[in-house]
Amino acid sequence: MFERYEAGESAVLVHIDFADEDSREDLVELQLLVESAGARSVGVITGSRKSPDRKFFVGSGKAEELAALVAATDANVVIFNHALTPAQERNLEQVCQCRVLDRTTLILDIFAQRARTHEGKLQVELAQLRHMSTRLIRGWTHLERQKGGIGLRGPGETQLETDRRLLRGRIKNINRRLEKVDKQREQSRRARKRSDLATVSLVGYTNAGKSTLFNALTTSDVYAADQLFATLDPTLRKLDLEDGAVILADTVGFIRHLPHDLVAAFKATLQETRQADLLLHVVDCADENMGDNFDQVQSVLKEIEADEITQLVICNKIDLLEELEPKIDYDAENKPIRVWVSAQQGLGLELVSKAITELIGESVTELTLSIPAAAGHYLGQFYRLDAIQQKSYDDLGNCIISVRLSDANWRRLTKQSQGELETFVVETSDETA
């Protein structure tokens, strides 16, 4: 039987162009991902197809070409810039006689290398286990069923079933531990709400310069490097402004087709983004794919239900472009929408603080709602935001609450309720925060 090889440093990359825009990936980004994972590219196979081949993804002829390149370069791992099915991975490994990884597994491996905190390691392990659970059949095909005999007789459970059972147990254990972490984060968020400190969260495509900007604004020493996913674990620092202070949060970078297992595993971390009062969307304005990367981030923000939060776009790395000076762009209502800076060179940082001050000073909403008993689940959402100022009950058993929350959070809640919350409003007023 074919023995599976461990992933090594010499990799052959495979990139296929598809007619479908949603299935397209970027070859340069794959090369950066491989470099970030610590591997060395020794060859690239490219091609184009209308749709993936069911058996080899690339077709039988291209699979033979790939096997020949692997043999010629002594590569010990093949990395696809696409998502593969377990059967496709197994078939390709048999042809190439080496380990085959897809894009999702590569990203998970990078996350595993970068995780530093206990929470981060748990989140990455959870994502890996969920991904692995669909691929357990590989490597166990030689174990049909546990054999009988004295001391070996049992329920007749296959090795695959045993592994799946152990995997389910481990996933449950990690989920329980992450729930505790989530509760601790929730307590911290409530404490920050009670202190009246707004939260500003940095978001953006991976390697856009978020951590460099974070360090420059807060004079911190968070790890920052010119590589994908340099930051995994969220970091919070106090940022002093002219009229007060805010909490600035540095978060994990996004990437196109971010694996759903990662989004689910990093739920607690992404809460910092979902419950922020303002998002600083950092973009690399020197990247030729800036527009596409911007759209990918917006797509992920929508997936985690953070697309309703006010955004300030930070166009970073202007030092790499000619004739660009630090400046603030305003919209028709004279609100800041874009700031041009160079975090590494320290250009325009005071403009970022100025724009944050102007946006954080936007109006907040005060509401009085009459919530019937059947819709009592909405109370928990207001409690989590620490938005309830007063609470009482009327003669009909309706809960009368006075709430104070940011416009962004109110928009998000009404969107989640599909407009039902708005029918409970009995009084409203705007106030400057």
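Student: What does exposed mean for a residue, and what does buried mean?

Tutor: Exposed means over 50% relative accessible area, and buried means under 20%. This is a predicted model, so keep that in mind as we read it. Take Arg-54: its relative accessible area is 80%, so Arg-54 is exposed. Arg-54 is found in the loop between β2 and α2 (60–73).

Student: Which residue 34 places away along the chain has its C-alpha atom 7.2 Å from that of Arg-54?

Tutor: That is Gln-88.

Student: Now another arginine. Is Arg-103 buried or exposed?

Tutor: Arg-103 is buried, with a relative accessible area of 3%. Arg-103 is found in helix α4. Set aside its neighbours within four places in sequence. Then Arg-103 is in contact with Glu-25, Glu-29, Leu-33, Phe-80, Asn-81, His-82, Ile-255 and Arg-256.

Student: What share of the whole chain is buried?

Tutor: Of its 433 residues, 49% count as buried. The chain has 13 helices and 15 strands. Look at contacts between residues at least 6 apart in sequence: 71% of them join residues at least 24 apart.

Student: Let us read one helix. Which residues of α1 are buried?

Tutor: Helix α1 covers residues 27–36. Its buried residues are Glu-29, Leu-30, Leu-33, Val-34 and Ser-36. Look down the axis of α1: these buried residues fall within an arc of 160 degrees, so they line one face of the helix.

Student: What do the buried residues of α1 pack against?

Tutor: They pack against β1 (10–18), β3 (77–80) and α4 (103–114). Two of the contacts of Arg-103 already listed, Glu-29 and Leu-33, are among these buried residues of α1.

Student: What follows α1?

Tutor: Gly-38 does, and its phi is positive, near 90 degrees.

Student: On to the sheet. In what order do its four strands stand?

Tutor: The order is β2-β1-β3-β4. The sheet is open, and its pairing is parallel. β2 (40–49) and β4 (99–101) stand at the edges with a single partner strand each, so one side of each has no neighbour in the sheet. From one strand to the next, the twist averages 20 degrees.

Student: How many bridges join β1 and β3?

Tutor: Four bridges, in the parallel sense. For one of the residues, Val-14, the bridge partner in β3 is Phe-80. Phe-80 is also in contact with Arg-103.

Student: Which helices lie on these strands?

Tutor: Start with α1. It lies across β1, β2 and β3, and runs at about 155 degrees to β1. Helix α3 (residues 86–96) also packs on the sheet, where α3 touches β3 and β4. The direction of α3 makes about 140 degrees with that of β4.

Student: What describes two packed helices?

Tutor: Two things: the angle between their axes and the distance between the axes. Here, try helix α7 (residues 210–218) and helix α11 (residues 349–360). Their axes come within 10 Å and cross at roughly 85 degrees. Angles of 65 to 115 degrees count as roughly perpendicular, and α7 and α11 are therefore roughly perpendicular to each other.

Student: Which residues make the contact of α7 with α11?

Tutor: From α7, they are Leu-213, Ala-216 and Leu-217. From α11, they are Leu-349, Val-352 and Ser-353.

Student: How many of the contact residues of α7 with α11 are nonpolar, polar or charged?

Tutor: Five are nonpolar, one is polar and none is charged.

Definitions and conventions
Residues numbered from 1 in each chain as written. Predicted model: local features only at pLDDT ≥ 70, side-chain atom pairs only at ≥ 80, totals over all residues. Heavy atoms only, no water. Buried < 20%, exposed > 50% of the residue type's maximum accessible area, 1.4 Å probe, protein only. Helix = DSSP H or I, 4+ residues; strand = E, 2+ residues; numbered from the N terminus. Arc of directions from axis to C-beta. Contact = heavy atoms within 4.5 Å. Axes fitted to C-alpha atoms, helices over the stretch in contact; angles between N-to-C directions. Parallel < 35°, antiparallel > 145°, perpendicular 65-115°, else oblique. Nonpolar A, V, L, I, M, F, W, Y, C, P; charged D, E, K, R; others polar. Pairing = 2+ DSSP bridges.
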